[in-house]
Amino acid sequence: MEHINGSRKCPFNGESEQLNGDKDNGFVKTPLRIKLPQALPLKNHVIDFESADNLHSKIDEESTSVPVPCGEKVCLSSVMHIPGRGETPRTPEEVYKEAQVFIKQFYRSMHSEDSVRHRQRINEIKEEIDKTGTYQLHYVELVFGAKTAWRNATRCIGRATWRNLTFLDCRSVTTATGMFDALCRHIKYSTNKGNINSAISIFPQRTDGKHDYRIWNPQLIGYAGYRQPDGSVIGDPARVEFTEVCKKLGWKGEGTAWDILPLVLSADGKAPEYFDIPREIIMEVEMEHPKYDWFKELGMRWYAVPAVSNMRLDCGGIEFTATAFNGWYMSTEIACRTFCDINRFNMIETVASHMGLDVGANPPIWKDKALVEVNVAVIHSFQRDQVTIIDHHTASETFMNHLKNENRVRGGCPADWIWIVPPMSSSLTPVFHQEMALYFLRPSYDYQPPAWKNYKWIKPDTGTRTVKRKFHFKQIARAVRFTSKLFSSALSKRVKATILYASETGKSEQYAKDLATIFGHAFNTQVQCMSKYDFYSIEHETLLLIVASTFGDGVPPTNGTEFMRLLLEMLNEEKQNQVEEKLSFSAGSTPYSSSTPRSLKRMTSILAASMEFSRQASKQNLQREISRSSVKSGMGAASDQISALSNVRFAVFGLGSSAYRKFGHFAVTVDSILDELGADRLMPVVRGDELFGQEQTFRKWSFDIFQTACETFCLDENDMMKDAERAFDLTPLTPETVRFGKPLADLNIIKALEAINRKQLSTFKVEEVKVIGKHEPTDSTTVFVNLESQENIHYEPGDHIAVIPSNPKDIVDAILSRLTDVDDYDKKVQVLVLKEKLTPTGIVKSWGSHDDLPPASARDIFTRFVDITTPPKTPVLKYLASACTDEKEAAQMRDLVADSNKIDDWNYFHHPHLAEVLAQFPSCRPMGAVLAALLPPLQPRRYSISSSPAVHDKNIHLTVAVVVFRTQNGNGPRRYGVCSTYLQNLTHGEEVLAFIKKAPTFHLPKQITAPIIMVGPGTGIAPFRGFWHHRRHQIQHSEVKPGQVSLYFGCKYKEMDLYKEEKELMVKEGVINNARLAISREAGVEKKYVQAFLDEDGADISRMITQEKGHFYVCGDIKMAEDVQQKLKEIIIKHEEMTEEEADDFVISMMNENRYHQDIYGITFRTAEVNSASRETAKRTRCESIR
Ligand SMILES: Cc1cc2nc3c(=O)[nH]c(=O)nc-3n(C[C@H](O)[C@H](O)[C@H](O)COP(=O)(O)OP(=O)(O)OC[C@H]3O[C@@H](n4cnc5c(N)ncnc54)[C@H](O)[C@@H]3O)c2cc1C
Ligand SMILES: Cc1cc2nc3c(=O)[nH]c(=O)nc-3n(C[C@H](O)[C@H](O)[C@H](O)COP(=O)(O)O)c2cc1C
């Protein structure tokens, strides 16, 4: 190698003319670690291409000093030992210094260096160090650190997959038994039936150096080596010393060549204990050769998982002295080094003789021939047993790709050529011809002295220190089960499961919490709303579960929007990277020219992004464009690309309604993107249909995904599974676990409602409620509500107001009269829940307040906090069954709840509210506390604001369609919508609590000159009234000629022509230039929908949106919105002579430019029709959806 034989100087040492020429009196300073400002050229001698390493010059930024072994005039890079930082624990000052560098790296990796969070974290660490002398790394920081240490491992050829490392957090372990349990789990997980998972287990950090945790074994799995009197060895010669150590501790092996060494573990600086590893969890491969039958007779074997367990992780100033990590084998490690090294199994002559080669020949090329065949045997045997292995050629190529990639994204890649080049056929592999720069970055895996070297051995007969007896796995398991079953499950919770939800009306949130209860039995589970989630930690997730609904026209709920945007952004980046990578690999220095698909270009509109994504995905363009790389394909070679989320396992559940064309679309989109990003899908996405069997589908999915996840992470303990399974059947909130108690705080009703809604509420006084549309025969009423604010409010036309409703008094009273645990309906109480907390001594139970129910009177709870009008769900019905004193009634109700499809049918036909259910079961006497805890929260309802602050700065106007319908297919009693009826019945001076929800994508254009087209049948007209008020005000205060305004309004009957006079006035004044009215059900009037008028005015509309950059607004129910969008496309196709695809693109571009605006209400406008049609379809397909 040119750079080794002296023609180039070592960058960290020796004289360097440019940089190190500052000689003092002719004396050359000893400049260890000079920071070279310029790039270090590294040549590839095969393709005659020079790359440059810049990363080395950032060592101080990326790391802190790690000395290299080279002297001034001698390069020592072939010396085995890499000097570490020594054994003395760091001082608090040193810890803080390292922490700063590391935390900076961490936040830079999350694109948030110097952010508030970054600074806060540094302050937090400083405080913790000041207080305790050290600090604890957060989970994600340690995951990042462990992965980066692998990335920095100069000697590892297989680190292209550095992102793909599963972190098993063992920092809460305190005993050697706990360590053993964790390491058995590590072995099981990483073995994974031969499809090896890379994993790392990390135990508690070093404190004062006297309480270290150590794994004494060099690797978790190893064969003993017994030195014989004649000096020969039975077993692995490399393990002779460690075998002696085990024997000294009292271990006795069988004395065969293949005895598995015990795990020798010391916790908290205590004496070591040894544990036999159950043989059944160790996967071994027996060697045979595809051609030579005699090979099998040699009796060679090796284990599947190479797990290094004696290195120390140095991360952020913290040292982890007990770690175990594994990837998978490269064939030469076993075939050349283990089997054929002269100081190991030394098989080369035996194999050559069996092959019939002349083993006396000189030169001894027979050795090379035999070595190839040993490699063939090893690869063949691993592949036969479907155990992951990589050959040295593939590994080298993968590493070359990794080098190029690292040069591109990181500016360099420290590598130890001597270790990287494989031990056979070196010059046939590309790494041989590649110059490499060797330097050391932190985080890092460092060598440390063997644990037994520093251990103070005391003779058993004289000393006080006793060596612990051995334990067998089964004994331990039994003992643990007997002493504390919980202990075992606590130990198992080392795999983190993150459950993210996005929810508009709260169902997904509830489902996510239910899921967390189940996963809590086996995983370290966290449940979070997508909007609160720190997105950049996604790549460090191990198990990610998503529960999300869909809103609008297939878009995320509000609290999922940002997550979706960031996901698309990540996909975009990933795509760019892959294109760049491909180009740089194929064409050397070819300049990058990416053709990022449109879908992945940064979209300003989430609606456009999601639409475009699904369009492309459905055409499978993305799948073709992004050649997904799997980390390993079963038994085979590792591939050369690791995607951003390749280490994340995931599954998605979508809530939605098949009434919508884009059923569960958000969930499906998230599922596809995670897949595109390389995450590992544990189960296909499942959608739960609110029109049919949603809950049942969810329960089945949660059970399936729990089982799959347990299998994936080898958490198969029977007890744990059974406990979790029980959670599916049990209603956790029962009379034994829930009761009313004294209020723990004194909140007034507003504060209590603010707490439950997590929103600051404004108080409004009712000025007026009046009917503005009424059609008696169909029970259709629309009211105008004028609310006066009691404080300053800020809104824009197009925004929404969310109203906190009250349940109807008659229903509340009927329920209160049945409760057994309330004497005074108006006395403040607190719902208390018996909470269980796991402690080292077992479960501790204590009563605590219910998380979502603040202190309030029973009357207030049932009036304002819980939903009593939506037909009760299974858990409520189950509880009610148990509260029936009449056995016949109880049996009847049990029969109902036994089949959730029956419940669905019953709900659909009767749509019973809670009081009606109680009326049907007169013996039912429930406890109010349990009911309140089981019922879903009463949700605020949104209304489009029908006023403009420019005209009414203190008031907000609403246009409310009162929901009234009959059950039993239109023949039963009337049901009333909660909030619309509440608003309808308000009288002058009454108070209403509400908050404003911004709808920034539905605001008027900034320029008054921009034409606007408004399409809004029914109450879809609501926001447009605010628009025309605002436009009128603008016109009155502006000289500029306004753009054209067109309004398309539709209703069933003439009586429902809302704001008729006002519209006429606006037309007269020129505020609205074109107002169209479509009437669809009036006898004697031609049946027309708004689309018909859009069609008629097509040329005009087309001109306004294409040439005049007009804005198009649609408001109302989803079906109408879909039809209108389709109509608009037809108009563009017709008048602009576009193809269908071009018209699609045009609408997407309008969304992106924020010129196509939708405000969608769901299906309340035509609920009955849509429900029954969709329900039939859903029913037909339900078997498939729940299968
Ligand atoms: C962004 C947005 C803006 C909105 N703007 C407005 C607006 O400006 N004006 C307006 O009036 N509404 C608007 N809504 C709708 C509004 O939020 C409420 O959904 C609506 O008022 C009904 O609420 P409720 O409490 O009266 O009815 P609920 O008590 O919530 O009952 C409604 C439910 O009743 C059931 N239902 C209704 N009809 C039938 C039927 N025929 N058969 C069986 N079941 C039926 C359905 O399950 C439906 O979900 C808007 C909604 C959204 C999301
Ligand atoms: C305004 C509105 C729009 C909706 N749009 C869709 C949709 O496009 N696709 C879908 O599958 N479901 C749609 N739904 C149904 C919801 O996803 C469904 O009610 C879900 O159960 C709500 O769950 P959440 O409470 O977690 O938000 C819509 C509901 C409403 C009210």
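Let me begin with a sheet: six strands make up an open sheet whose order is E33-E29-E37-E27-E28-E34, and the pairing in it is antiparallel. I should say at once that what we are looking at is a predicted model, so please hear everything that follows as a description of that model. At the edges of this sheet stand E33 and E34, each of which pairs on one side only, and from one strand to the next the twist averages 40°.

If you follow the order towards E34, you come to strand E28, residues 780–789, which pairs with E34 in the antiparallel sense over 8 bridges. To give you one place to put your finger, Thr781 stands opposite Val962 in E34.

Those two edge strands lead us to ligand 1. Which residues come nearest to ligand 1? Of the 22 residues around it, they are Arg942, Tyr943, Thr959, Cys979 and Ser980. Looking at individual atoms, a backbone N or O atom of Thr959 lies 2.8 Å from a nitrogen atom of ligand 1, while a polar backbone atom of Val978 is 2.9 Å from an oxygen atom of the ligand. The side chain of Ser980 also takes part, with an N or O atom 2.5 Å from an oxygen atom of ligand 1. Taken alone, ligand 1 exposes 980 Å², and the protein buries 79% of that.

The elements that give two or more residues to the shell around ligand 1 are strand E33 (941–944), strand E34 (955–962), helix H32 (978–984), strand E42 (1156–1160) and helix H39 (1167–1186). Both edge strands of the sheet, E33 and E34, are therefore on the list of elements that line ligand 1, and E33 gives the most, with 4 residues. Sorted by class, this shell holds 11 nonpolar, 8 polar and 3 charged residues.Let me now turn to ligand 2, which has 24 residues around it, the closest being Ser503, Glu504, Thr505, Ser508 and Gly664. Here a polar backbone atom of Glu504 is 2.7 Å from an oxygen atom of the ligand, and a polar backbone atom of Gly506 is 3.1 Å from an oxygen atom of ligand 2. From a side chain, a polar atom of Gln694 lies 3.4 Å from an oxygen atom of ligand 2. How much of ligand 2 does the protein bury? Taken alone, ligand 2 exposes 640 Å², of which the protein buries 92%. Helix H16 (507–519) and strand E23 (649–656) are the elements that give two or more residues to this shell, and by class the shell has 6 nonpolar, 13 polar and 5 charged residues.

My last stop is another open sheet, in which 3 strands follow the order E14-E13-E18 with antiparallel pairing. Its edge strands are strand E14 (318–320) and strand E18 (444–446), each pairing on one side only, and neighbouring strands are turned by 30° against each other on average, direction ignored. Strand E13, residues 312–315, is joined to E18 by 3 bridges, and if you look for Asp314, its bridge partner in E18 is Ser444. Across E13, E14 and E18 lies helix H4, residues 139–151, which runs at about 115° to E13.

Methods. Residues numbered from 1 in each chain as written. Chains lettered and ligands numbered in written order. Predicted model: local features only at pLDDT ≥ 70, side-chain atom pairs only at ≥ 80, totals over all residues. Heavy atoms only, no water. Near = heavy atom within 4 Å. Polar contact = N/O pair within 3.5 Å; in protein donor to acceptor, adjacent residues only side chain to side chain. Areas by Shrake-Rupley, 256 points an atom, 1.4 Å probe, with all protein chains shown as cover. Nonpolar A, V, L, I, M, F, W, Y, C, P; charged D, E, K, R; others polar. Pairing = 2+ DSSP bridges. Axes fitted to C-alpha atoms, helices over the stretch in contact; angles between N-to-C directions. Contact = heavy atoms within 4.5 Å.
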